[in-house]
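Please open the model in your viewer, with the sequence panel beside it, and follow the stops below in order. At each stop there is a selection to make, followed by an account of what the selection contains.

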Amino acid sequence: MGEDRVKVLVVEDESSIRKFLSINLNREGFEVLEASSGEEALDIIKRVEPRVVVLDVMLPGIDGLEVCQSIRKAIPNIVIIMLTAKSQDMDKIMGLELGADDYMVKPFNPLEVIARIRANLRKIDNAKGQLSKTLVIGELELDLEAQKFYKRGLEIELTPIEFSLMRMFIENNNKAFSRDEILNIVWGKSYFGDMKTVDVHVRRIRGKIEDDPSNPHLIETVWGVGYRLRGEK
Ligand code: CA
């Protein structure tokens, strides 16, 4: 059991935050390595090859952004999640091509960090074609084999009809569908239901997947047509 645990390196000089993350990662089955400075982190990376690094921006000595670049150079397919104290830093982190995969603004929920780690690991596995039964659009993921749906790495439970609807949308990102087409695809041609059925189900899915269901950004209403998914910003 021990040999296939995913190794995560946590780099943070504040020991309380480092320990807090460590404990939570351990509990979720990860093997955790800790570093309290960028130098220490780079040293560990030379010896062990973790699959994931959770890296604080504010570190004594070499800062997290520089460490991030060095790590990315050393291990191209490692997952790097940056921790930042300010939401403004995220533009810098994601925009400067430092090679970070994701970021979290402090204070963060450790379970969300873990969800991001899993989502990013899945992305890499998908790219390798190991889990080709997974469809990914932006922050949305559909695991066709396990019949599971995820947003930002967190599972959202869908009914079988909702799952079929999301599959139709994800397989056709940005395409607008009429209610009639949706009924045909999801419910089948022999279904003689009301087109309102589609609206009801779309509303339910929005309630589950939208950050603000009253102002949906994922499943958009296309006036005079029907609905479409805007899975990527
Ligand atoms: Ca720090």
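How are α2 and α3 oriented to each other, roughly parallel or roughly perpendicular? Before selecting them, please keep in mind that this is a predicted model. Now select helix α2 (residues 38–47) and helix α3 (residues 64–74), whose axes come within 10 Å and cross at roughly 5 degrees. Angles under 35 degrees count as roughly parallel, and α2 and α3 are therefore roughly parallel to each other. Showing side chains at this stop brings up the contact, to which α2 contributes Gly38, Ala41, Leu42 and Ile45, while α3 contributes Val67, Ser70, Ile71 and Ala74. Sorted by class, the contact of α2 with α3 has six nonpolar and two polar residues, with no charged residues.

**The whole chain**

Zoom out next to take in the protein, whose secondary structure comes to eight helices and 12 strands. Along the principal axes, the C-alpha atoms fill a box of roughly 65 × 40 × 30 Å. If you colour by accessibility, buried residues make up 46% of the 233 residues. A contact map adds a further view, since among contacts between residues at least 6 apart in sequence, 53% join residues at least 24 apart.

**The calcium ion**

Select the calcium ion and then its protein donors, which are Glu12 (OE), Asp13 (OD), Asp56 (OD) and Met58 (O), lying 2.1 to 2.4 Å from the ion. Along the chain, these donors follow the spacing E-D-x42-D-x1-M. Glutamate 12 lies in the loop between β1 (7–11) and α1 (15–27), whereas aspartate 56 belongs to strand β3 (residues 52–56), so the pair ties together parts that are 44 residues apart in sequence. Both glutamate 12 and aspartate 56 are buried.

**Helix α6 and its two partners**

Moving along the chain, select helix α6 (residues 160–171) together with helix α7 (residues 179–187), which pack at an angle of about 120 degrees with their axes 10 Å apart. The helices α6 and α7 are therefore oblique to each other, and their crossing is right-handed. From α6 the contact takes Ile161, Ser164, Leu165, Met168 and Phe169, and from α7 it takes Ile182, Ile185, Val186 and Trp187. By class, the residues of this contact divide into eight nonpolar and one polar, with no charged residues.

Keep α6 selected and exchange α7 for α8 (196–209). The axes of α6 and α8 come within 10 Å and cross at roughly 85 degrees, and the two helices are therefore roughly perpendicular to each other. On the α6 side, Ile161, Glu162, Leu165 and Met166 meet His201, Arg204, Ile205, Lys208 and Ile209 of α8. The residues of the contact of α6 with α8 divide into five nonpolar, one polar and three charged.

**Methionine 195**

Finally, select methionine 195, which lies in the loop between α7 and α8. Is methionine 195 buried or partly exposed? At 40% relative accessibility, methionine 195 counts as partly exposed. Leaving aside residues up to four places away in sequence, methionine 195 touches Arg179, Asp180 and Leu183. To end the tour, draw a C-alpha to C-alpha distance from methionine 195 to glutamate 181: the two are 14 residues apart in sequence and 10.0 Å apart in space.

Definitions and conventions
Residues are numbered from 1 along each chain as its sequence is written. This is a predicted model: local features need pLDDT of at least 70, side-chain atom pairs count only at pLDDT 80 or more; totals for chains, interfaces and linings use all residues. Side-chain values use heavy atoms; hydrogens and water are left out. Axes are lines fitted to C-alpha atoms, for helices over the stretch in contact, and angles run from 0 to 180 degrees between N-to-C directions. Helices (H or I, at least four residues) and strands (E, at least two) are DSSP runs, numbered from the N terminus. Angles under 35 degrees count as roughly parallel, over 145 as roughly antiparallel, 65 to 115 as roughly perpendicular and the rest as oblique. A crossing is left-handed if the near helix is turned anticlockwise from the far one by less than a right angle, and right-handed if clockwise. Contact means heavy atoms within 4.5 Å. Ala, Val, Leu, Ile, Met, Phe, Trp, Tyr, Cys and Pro count as nonpolar, Asp, Glu, Lys and Arg as charged, and the others, Gly among them, as polar. Donors are N, O and S atoms within 2.8 Å of the metal (3.2 Å for Na, K and Ca); water is not among the atoms, so sites may look incomplete. Buried means under 20% relative accessible area, exposed over 50%, partly exposed in between (1.4 Å probe, protein chains only).
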